[in-house]
Amino acid sequence: GVMNAALLGLTELAQKMVLERALTPPAPGYRFPAFAPHFQDSEPSSDHWANMMTAVQWMILQPADDEAGSSLLFAAWPCAWDVDFKLAAPMATVVEGSLKGGKLRSLTVAPAANRHLIRVRNCSAAQGAG
């Protein structure tokens with residue numbers, strides 16, 4: 001699924017699946033436009049867009065599987081996509097930044113002492129921001 005593609009770092013697949021979900025119109029015949037047609041379970045799907053948004057967040061920032069509580073930045077993010085983000089990370093950390101034209105334009109980690117826990121995994125041109 002879309003969340004697994006993000007967690008596995010499968011950038012192209014995650015990108016394709018996110019776009020597919022984002023472009024899917026609501027399921028016809030239901031009262032609420034938040035209901036989507038069948039994707040992962042039954043129709044109407046009330047978690048269609050929640051799964052998509054979780055995948056988008058994990059494409060940008062996801063917890064690493066280590067004891068330090070570190071996070072992977074841009075683990076599955078398409079570097080051609082510009083993004084401004086502010087996301088929660090493990091260890092009571094907030095990561096905020098901006099990626100434009102494949103380069104990290106800003107990165108703020110709060111508390112600053114946790115900056116070493118954020119590892120840039122993709123968009124290697126982004127390594128210079130700090």
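Which residue in S4 is the bridge partner of Ala89? It's Thr93. That pair is a handy way into this predicted model, so let's begin with the sheet and work outwards.

## The sheet

Strands S3, S4 and S5 make an open sheet, lined up in that order and paired antiparallel. S3 (83-89) and S5 (103-110) sit at the edges, each with a pairing partner on one side only. From one strand to the next, the twist averages 15 degrees. As background, strands in a sheet pair through backbone hydrogen bonds, in either a parallel or an antiparallel fashion.

Take the S3 side to begin with. S4 covers residues 93-100, and seven bridges tie it to S3. Besides the Ala89 pair, Lys86 has Glu96 as its bridge partner in S4. Three residues lie between the strands in this hairpin, and Met91 adopts a positive phi near 65 degrees there.

Now cross to the other side of S4. S4 and S5 are also antiparallel, again with seven bridges. Here Ser98 stands opposite Ser106 of S5. This hairpin has two residues between its strands, and Gly101 in the turn shows a positive phi of about 60 degrees.

Here are the two hairpins side by side:

| Hairpin | Residues between the strands | Residue with positive phi | Phi |
|---|---|---|---|
| S3 and S4 | three residues | Met91 | near 65 degrees |
| S4 and S5 | two residues | Gly101 | about 60 degrees |

Gly102 also belongs to the loop between S4 and S5. Is Gly102 buried or exposed? Gly102 counts as buried, because its relative accessible area is 13%, under the 20% cut-off. Its C-alpha atom lies 18 Å from that of Lys16, a residue 86 positions away along the chain.

## The core

Which residues touch the most other members of the largest nonpolar core? Ile60, Leu73, Phe74, Trp77 and Phe85 do, out of 28 residues in that core. Helices H1 (2-7), H2 (11-22) and H3 (48-60) each supply at least two residues, and so do strands S3, S4, S5 and S6 (118-120). H3 is the top contributor, with five residues. In soluble globular proteins generally, nonpolar side chains tend to be buried together.

Phe85 deserves a closer look. Setting aside neighbours within four places in sequence, Phe85 contacts Ile60, Leu73 and Phe74, along with Val95, Glu96, Gly97 and Ser98. Two of those names have come up already: Glu96 is the bridge partner of Lys86, and Ser98 stands opposite Ser106.

## The whole chain

Zooming out, the chain holds three helices and six strands. Reading from the N terminus, the order is α-α-α-β-β-β-β-β-β. Along the principal axes, the C-alpha atoms fill a box of roughly 50 × 30 × 25 Å.

How much of the chain is buried? Buried residues account for 41% of its 130 residues. The accessible surface comes to about 7200 Å², and carbon and sulfur atoms own 56% of that. As for contacts between residues at least 6 apart in sequence, 37% join residues at least 24 apart.

How values were computed: Residues numbered from 1 in each chain as written. Predicted model: local features only at pLDDT ≥ 70, side-chain atom pairs only at ≥ 80, totals over all residues. Heavy atoms only, no water. Pairing = 2+ DSSP bridges. Helix = DSSP H or I, 4+ residues; strand = E, 2+ residues; numbered from the N terminus. Axes fitted to C-alpha atoms, helices over the stretch in contact; angles between N-to-C directions. Core = buried A, V, L, I, M, F, W, Y, C linked by side-chain atoms within 4.5 Å. Buried < 20%, exposed > 50% of the residue type's maximum accessible area, 1.4 Å probe, protein only. Contact = heavy atoms within 4.5 Å. Areas by Shrake-Rupley, 256 points an atom, 1.4 Å probe, with all protein chains shown as cover.
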